[in-house]
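Please open the model in your viewer and keep the sequence panel beside it. The tour below moves from one selection to the next and says what can be found at each stop.

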Amino acid sequence: MMDYREPQYLDRQSAENAFTSKDAKVICDALISVALYNSDWKWVQDKCLEFLDAENPEIRGLAATCFGHIARIHRRLDKEVVISALHEHLQDDAISGQVSDALDDIDMFLSDGE
């Protein structure tokens, strides 16, 4: 059983350093940190788009999940770009549930014009 732990805040430079890691946990921790705490939603969105194509399914899945966090927290996304990218991953059995959840979150938290 996993224990919940509050994600640590990482500044942008620390997150960028973490993103160069070969350790999936380090990358995932950085992704969730920036999705929850970084005010630059566009930069976070772009990082998530990059990691949506990662080889590791944990990283891909968390990148998808983070789009939902961005939509919920910032109420902004490049909706057309993100939805298109997520749709490309609906057939990825390893992350299809997270992709579907992200699409639901985007639909719930963003109006059609955002």
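What follows is a walk through two helix-helix contacts in this predicted model.

Begin by selecting residues 24-37, which form helix H2, together with residues 41-51, which form helix H3; their axes come within 10 Å and cross at roughly 150°. Angles over 145 degrees count as roughly antiparallel, and H2 and H3 are therefore roughly antiparallel to each other. If you look along the crossing of these two helices, its hand is left-handed.

Next, show the side chains at this contact: on the H2 side select Ile27, Leu31, Val34 and Ala35, and on the H3 side Trp43, Val44, Cys48 and Phe51, which they meet. Coloured by class, the contact of H2 with H3 shows 8 nonpolar residues, with no polar and no charged ones.

Keep H3 selected and add residues 57-74, helix H4, whose axis lies 8 Å from that of H3, the two packing at an angle of about 160°. H3 and H4 are therefore also roughly antiparallel to each other, and their crossing is left-handed.

Finally, display the residues of this second contact, where Trp41, Val44, Gln45, Cys48, Leu49 and Phe51 in H3 meet Ile59, Arg60, Ala63, Cys66, Phe67, Ile70 and His74 in H4. By class, the contact of H3 with H4 divides into 10 nonpolar, 2 polar and 1 charged residues. Before leaving, select Val44, Cys48 and Phe51 of H3, which take part in the contact with H2 and also in the contact with H4.

How values were computed
Residues numbered from 1 in each chain as written. Predicted model: local features only at pLDDT ≥ 70, side-chain atom pairs only at ≥ 80, totals over all residues. Heavy atoms only, no water. Axes fitted to C-alpha atoms, helices over the stretch in contact; angles between N-to-C directions. Helix = DSSP H or I, 4+ residues; strand = E, 2+ residues; numbered from the N terminus. Parallel < 35°, antiparallel > 145°, perpendicular 65-115°, else oblique. Left-handed = near helix turned anticlockwise from the far one by under 90°. Contact = heavy atoms within 4.5 Å. Nonpolar A, V, L, I, M, F, W, Y, C, P; charged D, E, K, R; others polar.
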